[in-house]
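Biologist: Please pick one part of this model and take me through it closely, then place it beside other parts that can be described in the same terms.

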Amino acid sequence: MTIDLEALYIDLHQHPELSFQETRTAGIAAAHLRDLGLEVHEGIGVTGVVGVLVNGDGPVVWVRADMDALPVGEQSGRPYASTATGIDPAGNTVPVMHACGHDMHVTAMIGAVEKLVAERADWTGTLVVLIQPAEEYGAGARAMLDGGLLDLVPKPDIVLGQHVTPLPAGTIGVRPGTQMAASDGLTVTLHGRGGHGSRPHSTIDPIVMAAATVMRLQTIASREVDPRDVAVVTVGSIHAGLKNNIIPAEAKLELSLRYPNDEMRDKVLASVERIVRAEAAASGAEKEPEIRTDHTLPPTINDDEATARVTTALQRVLGEASVIDPGMFTGSEDVSWFARDTGAPLVFWFWGGVDPATFAAAMAAGTLDKDIPTNHSPYFAPEIHPTIEVGVTALSAAAREFLG
């Protein structure tokens with residue numbers, strides 16, 4: 001019986017789960033893979049699912065989809081919009097939605113596996129399906145690998161993955177080389193000396209220190225990086241103080257850093273540390289600031305030869321004009337850990353989920369940033385059709401390119 005992929009997508013969309021909490025989603029994916037005849041392993045890397053289909057001798061192809069959602073309240077207006085809530089790591093009740101499209105990733109994966117199973121007389125090899133948790137934490141791929149993945153499945157000859165994005169539905173974006181940036185998440189703790197708000201002279205104000213640090217950090221990308229290169233320094237969170245007449249003892253900054261290669265990473269990290277320590281010294285801080293790395297993601301680098309093969313396969317099934325070079329994305333992914341740990345080539349691409357007419361109108365009006373919601377927006381909601389169908393076609397065609 002054919003799987004109702006639209007119903008699957010709507011169900012996953014209405015029941016999103018936060019990172020490392022994806023028990024319902026994992027159970028649904030595992031059940032479909034088992035029904036399709038795959039050997040299934042659950043609980044790999046906390047909630048990860050692995051399906052294996054051995055279909056004679058031949059290459060080993062890993063295909064990956066992520067499944068976690070985000071603490072965002074959906075405002076898309078879709079009749080199937082999420083009203084779910086969850087408990088975040090701090091114990092807070094938060095709204096939850098698939099603001100990055102991982103529900104679409106799982107749906108397309110299940111559809112692609114169904115298609116490959118139906119066509120198994122036409123190919124040989126081993127298909128390994130990875131349904132990965134916690135991509136939004138940048139931790140799920142690492143958790144699956146550290147949780148014994150390579151004890152369960154053979155090493156891949158190729159790792160494949162895809163991500164829905166605000167391109168026109170029917171469009172594929174893929175390029176050789178760096179497809180997505182590397183990333184580090186940092187927490188900076190600035191130490192001052194607390195006291196009464198009426199006596200600032202008796203304190204070392206960490207809020208002023210933090211404000212100066214935030215402003216100075218903006219000069220890394222604007223004044224220290226060659227304009228022809230790419231680097232992003234974002235301060236996404238500031239926490240300090242509890243009351244207006246109390247100068248607190250410390251302030252915390254959370255930073256998101258992005259870069260295309262290790263050379264730029266070294267440069268930006270060194271600049272961040274120099275500025276943080278210099279601003280603390282300029283404020284007269286009596287204790288050195290603390291800089292903690294919360295996560296590190298390598299760049300997502302597509303193998304040149306494998307990408308050429310995938311590009312040709314996608315052009316063959318979707319049409320040459322449908323496959324474009326989208327440029328490097330400054331977002332980051334953890335999919336490349338699967339390739340890096342196994343020494344396999346990687347090909348990772350994007351596929352569009354926006355109504356083509358809506359996209360074209362926004363492009364003509366110069367309002368893409370305003371009118372087309374991006375991943376992580378509360379308004380992000382891909383068109384169900386033909387997004388599902390294109391995702392299924394693209395992933396299955398890419399896998400078939402390498403299966404014997």
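**A strand and its surroundings**

Modeller: Trp62 has Val159 of β7 as its bridge partner. This is a predicted model, in which local features need pLDDT of at least 70 and side-chain atom pairs count only at pLDDT 80 or more, while totals for chains, interfaces and linings use all residues. Residues are numbered from 1 along each chain as its sequence is written, and side-chain values use heavy atoms, with hydrogens and water left out.

The pairing of β3 with β7 (residues 158-168) is parallel and comprises four bridges. Strands here are DSSP runs of E with at least two residues, helices are runs of H or I with at least four, and both are numbered from the N terminus. Two strands count as paired if DSSP finds at least two bridges between them. β3 is also joined to β6 (residues 125-132), by seven bridges and again in parallel; there, Val61 faces Leu127.

Strand β3 (residues 60-66) has seven of its seven residues buried, so the rest of the structure largely encloses it. Buried means under 20% relative accessible area, exposed means over 50%, and partly exposed lies in between, using a 1.4 Å probe and protein chains only. The burial holds on both faces: one side carries Val60, Trp62, Arg64 and Asp66, and the other Val61, Val63 and Ala65.

For an antiparallel case, turn to the open sheet of four strands, ordered β12-β14-β10-β15. Its edges are β12 (232-239) and β15 (290-297), each paired on one side only. Neighbouring strands in this sheet are turned by 20 degrees against each other on average, ignoring direction. Within the sheet, β10 (residues 182-191) and β14 (residues 250-259) run antiparallel and share 10 bridges, with Gly185 partnered by Ser256 of β14. Helix α7 (residues 262-282) packs on this sheet and touches β10, β12, β14 and β15, its direction making about 160 degrees with that of β14. Contact means heavy atoms within 4.5 Å; angles run from 0 to 180 degrees between N-to-C directions, from axes fitted to C-alpha atoms, for helices over the stretch in contact.

A UniProt annotation falls in this region: an unreviewed entry places "domain: Peptidase M20 dimerisation" at residues 185-281. Such annotations may be inferred rather than shown by experiment. In the model, the span of residues 185-281 is 40% helix and 30% strand, and its end C-alpha atoms lie 23 Å apart.
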